[in-house]
Each structure stands twice: as structure tokens, then as C-alpha cells.
Amino acid sequence: AANARLAQRRLIAANLALHSQKAAAYPPFPLAQTLAMVAQLIRADLGIRIYSAELGGGGIGGFDTHADQAKNHGALLRELAESTSAFVDDLHQDRLLDSVLVMTFSEFDRTLTESGRRGTNHGAAAPMFMIGGKVKGGLRGAHPSLTDLEADAPKFHTDFRRVYATVLERWLNLRSETILPPGFAPLDGVLV
């Protein structure tokens, strides 16, 4: 009965949060609107630990830029930067940023040589970004070489599963071996 009352209170709080008139300044991008909703859900304290938002998708204009890359990629990076900036500012205003970790991920990087359609092909290395009040700022890993390549693309230096292990163990307090194969040690110096 106590769990049912708690669940009901959380649902009421979520409904109020989603329909509140909080005047946070978010840009008019789909990702920004999704993150604004996530911020409201965080405020509602529903007990949900992981939210997911997608930028780009697989359609025209997505990060899969095999054509017209300069125009499309720049616009997507602007949407990512402005949307996450608004989200971080919103949570910071309410002193919630220390309890939030934002992590970006892409399943592929790009090659260096431009194709005939002014785009590039898939590569194996991609940057990941982590943002939050408990993230130690700075760059991790070596700068990618533009001469030591694998199939015309920079080589990765940190397996993304080590980043996942870091988040699982040091943020979510879960044993990474229950989700990931063994052998992916968390990274030191990423989280406070």
C-alpha cells in the first residue's frame, strides 16, 4: 500500500512537472524540447535513473553524413551544443546538476577523405562527451592521429565499453560485469 501511494504521488508530481509553465530558455530544436521534458521529469523525482534522447537519427540530415556533410554536420553540432547547454543551465538553476550525468554516444566516426557526394564514410573512432556537476572537466586520451589511420579513419584509443563501465560502476553503482563482458575496467579521473 505504501508503494502504491508513493507511485501515485510520483505520477501526480510528474504530471504537474510536465504541465508547469517553467520559463526555461530552450532553443526551438527537437532535441532541446526532449531535454526540456527530461528536465521536468528529473524535477518530478520519479526514481527513473536513465533517460535517452536521440539527435539525428537515420533520416535525412542525421549524423550519417554521406552527402553534404559540411552543412548537415555543422547544423547538428549546433543543435547538440545549444540543446545540451540549455539543459545544463536549466538544471544548474535548480541545483540539480550534481545529480545528473549527460553522456553522448555515436556508433560510428567518419573517414578523412571526402566522397564524391561531399560526405564521408564510417570510421571506428568517435568522441564521447560527458557533462554534469560531478564530471571532472578536460579531455581524455590522446589526440587522434591524422596519419596513423585504419581504413582512412582515425583509430580509437579508448574502448567505449570502458566509458560505459565507468558510468555503470561509478555513477549508477552497478557491477559492470553483469552488463558488459569482463575486461573493461572503469576509467580513472572522469567522475568526482
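Which residues of helix α4 (residues 160-170) are buried? In this predicted model, they are V163, A165, T166, V167 and L168. The partners of these buried residues are two strands: they pack against β1 (101-103) and β4 (130-132). A general point helps when you look at the helix on screen: an α-helix has 3.6 residues a turn, so residues three or four places apart point the same way.

From β4 we can move on to K134, which sits in the loop between β4 and β5 (149-150). Is K134 buried or exposed? K134 is partly exposed, because its relative accessible area of 33% falls between the 20% limit for buried and the 50% limit for exposed. Leaving aside residues up to four places away in sequence, K134 touches D98, W171, V190, L191 and V192. One of these contacts, L191, is 57 residues from K134 along the chain, yet the C-alpha atoms of the two are separated by 5.6 Å.

Two other residues deserve a look for their backbone angles. D152 has a positive phi although it is not a glycine, and N173 likewise has a positive phi without being a glycine. Here they are side by side:

| Residue | Phi | Place | Relative accessible area |
|---|---|---|---|
| D152 | about 65° | loop between β5 and β6 (153-154) | 27%, partly exposed |
| N173 | about 55° | segment after α4 | 63%, exposed |

Why does N173 count as exposed? N173 does so because its relative accessibility is 63%, and exposed means over 50%. D152, with 27%, is partly exposed.

Notes: Residues are numbered from 1 along each chain as its sequence is written. This is a predicted model: local features need pLDDT of at least 70, side-chain atom pairs count only at pLDDT 80 or more; totals for chains, interfaces and linings use all residues. Side-chain values use heavy atoms; hydrogens and water are left out. Buried means under 20% relative accessible area, exposed over 50%, partly exposed in between (1.4 Å probe, protein chains only). Helices (H or I, at least four residues) and strands (E, at least two) are DSSP runs, numbered from the N terminus. Contact means heavy atoms within 4.5 Å.
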